[in-house]
Amino acid sequence: MTNDGLVDQYGRTAVDLRVSLTDKCNLRCTYCMPAEGLEWLAGPDLLTDDEIVRLIDVGVTRLGIRDVRFTGGEPLIRRGLLPIVAATAALRPRPSISITTNGLGLAKLASPLAAAGLDRVNVSLDTLRPARFERLTRRDRHRDVIAGLAAAADAGLVPVKINAVLLRGVNDDEAVPLLRFALTHGYEMRFIEQMPLDAGHTWNRNAMVRAEEILAALGVEFTLTPDPGHRGAAPAEIWLVDGYDGASVGIIGSVTRPFCGDCDRTRLTADGQIRSCLFSQDESDLRGALRGGCDDAEIARRWRVAMAGKLPGHAINDRLFLQPARPMSAIGG
């Protein structure tokens, strides 16, 4: 990659673009947002479908983006999702295209998404117990997520990955059952440390189940061997599960095992702001550049400037750390 790409002052190059399609969500997970929801972005503030595609185009054709992941909120509720995916798949060079979803609409959309050009999915599922799912999400939709996972696999959106956040005293007894479920169905399991990105700013380090605890819990039933492959910029540390024909489990220890030094991500919010880090306090406005008549070269220049100032790390473990004003649903995972 040349200096024409998204290179920061520490020599990291962003090739992975996370695109939030909406701040809205059809779940109300207790560790993410209040039961009544949040004050959503106003319609005129959101990027249009064409604006989203244009910014992805600039990223891919001018800035070296190779991977595009659609996020939210819940991206499946974006009405223009299928045309956006199709337009992204038509770009040259074609990027890898994935989506992170709560899975509620996947049973209906998995096949159309695959036809549009989506390559794979990450589905959030924190529990295998329907009643516990309802308490965690404030919605009785567990069966829909399970059906969505199966539909994604049937549509060829593989590997289907499951993302789970374990909460102390809530679902921290499900590490083994979740991995066993994933292994049985051919899914890839990813456990994620809870991060300080909740709307209420109530995150408590002591309530977070740490990566080492997850490993210890899994080790009671499974023999795990570190994947000899180089981790690179991937957020997950991967362990091979002995006896399961190359199956693996990943743990994303964003808090206790940060991977900031190898980060290759840049983020675009649903209202057109560039964030160089999930935990950034600052954003750079590309929506204004688009609507102000800037050409693609100028948009690319502004994006490079935004990324050049990326900090060395998220500083969660610094005593002076400040949680971002925006919650995860408004930033995009």
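These legends describe close-up views of one predicted model.

Residues are numbered from 1 along each chain as its sequence is written, and side-chain values use heavy atoms, with hydrogens and water left out. Local features need pLDDT of at least 70, side-chain atom pairs count only at pLDDT 80 or more, and totals for chains, interfaces and linings use all residues.

**View 1. The largest nonpolar core and the residues around Phe70.**
The largest nonpolar core has 81 residues. A nonpolar core is a set of buried Ala, Val, Leu, Ile, Met, Phe, Trp, Tyr and Cys residues joined through side-chain atoms within 4.5 Å. Buried means under 20% relative accessible area, exposed over 50%, and partly exposed in between (1.4 Å probe, protein chains only). Phe70 and Phe191 have the most contacts inside this core. Leaving aside residues up to four places away in sequence, Phe70 touches Val19, Leu21, Ile56, Pro75, Ile84, Val85, Thr88, Ile97, Ser98, Ile99 and Thr100. Contact here means heavy atoms within 4.5 Å. Another core, of 14 residues, lies apart from the one with Phe70; Val165, Ile192, Met208 and Ala236 are among its members.

**View 2. Helix 1 against helix 2.**
Helices (H or I, at least four residues) and strands (E, at least two) are DSSP runs, numbered from the N terminus. Helix 1 spans residues 49–63 and helix 2 residues 81–89. They pack at an angle of about 25°, and their axes are 10 Å apart. Helix 1 is therefore roughly parallel to helix 2. Axes are lines fitted to C-alpha atoms, for helices over the stretch in contact, and angles run from 0 to 180 degrees between N-to-C directions. Angles under 35 degrees count as roughly parallel, over 145 as roughly antiparallel, 65 to 115 as roughly perpendicular and the rest as oblique. The crossing of helix 1 and helix 2 is right-handed. A crossing is right-handed if the near helix is turned clockwise from the far one by less than a right angle, and left-handed if anticlockwise. Helix 1 brings Asp49, Ile52, Val53 and Ile56 to the contact; helix 2 brings Ile84, Ala87 and Thr88. By class, the contact of helix 1 with helix 2 has 5 nonpolar, 1 polar and 1 charged residues. Ala, Val, Leu, Ile, Met, Phe, Trp, Tyr, Cys and Pro count as nonpolar, Asp, Glu, Lys and Arg as charged, and the others, Gly among them, as polar.

**View 3. Helix 1 against helix 9.**
Helix 9 covers residues 296–308. Its axis comes within 10 Å of the axis of helix 1, and the two cross at roughly 80°. Helix 1 is therefore roughly perpendicular to helix 9. From helix 1, the contact takes Arg54, Leu55, Val58, Gly59, Arg62 and Leu63. From helix 9, it takes Asp296, Ala297, Ile299, Ala300, Trp303 and Arg304. The contact of helix 1 with helix 9 divides into 7 nonpolar, 1 polar and 4 charged residues. Leu63 is buried, at 1% relative accessible area. Leu63 and Val7 are 56 residues apart in sequence, yet 9.4 Å apart in space, C-alpha to C-alpha.

**View 4. Helix 3 against helix 5.**
Helix 3 and helix 5 pack at about 15°, with axes 8 Å apart. The two are therefore roughly parallel. Their crossing is right-handed. Leu106, Ala107 and Ala110 of helix 3 meet Ala147, Gly148, Ala151 and Ala152 of helix 5. This contact has 6 nonpolar, 1 polar and no charged residues. Pro112 also lies in helix 3 (residues 106–116). Pro112 is partly exposed, at 30% relative accessible area.

**View 5. The buried residues of helix 6.**
In helix 6 (residues 175–185), Ala175, Val176, Leu178, Leu179, Phe181, Ala182 and Leu183 are buried. Their cover includes helix 5, strand 7 (161–165), strand 8 (188–192), helix 7 (211–219), strand 10 and strand 11. Gly186, just after helix 6, takes a positive phi of about 80°.

**View 6. Backbone details in loops.**
Gly72 and Gly73 are joined by a cis peptide bond, with omega about 25°. Gly73 sits in the loop between strand 4 (67–71) and helix 2. A cis peptide bond also joins Arg92 and Pro93, with omega about 5°. Pro93 is in the loop between helix 2 and strand 5 (96–101). Asp245 is not a glycine, yet its phi is positive, near 50°. Asp245 is exposed, at 80% relative accessibility.
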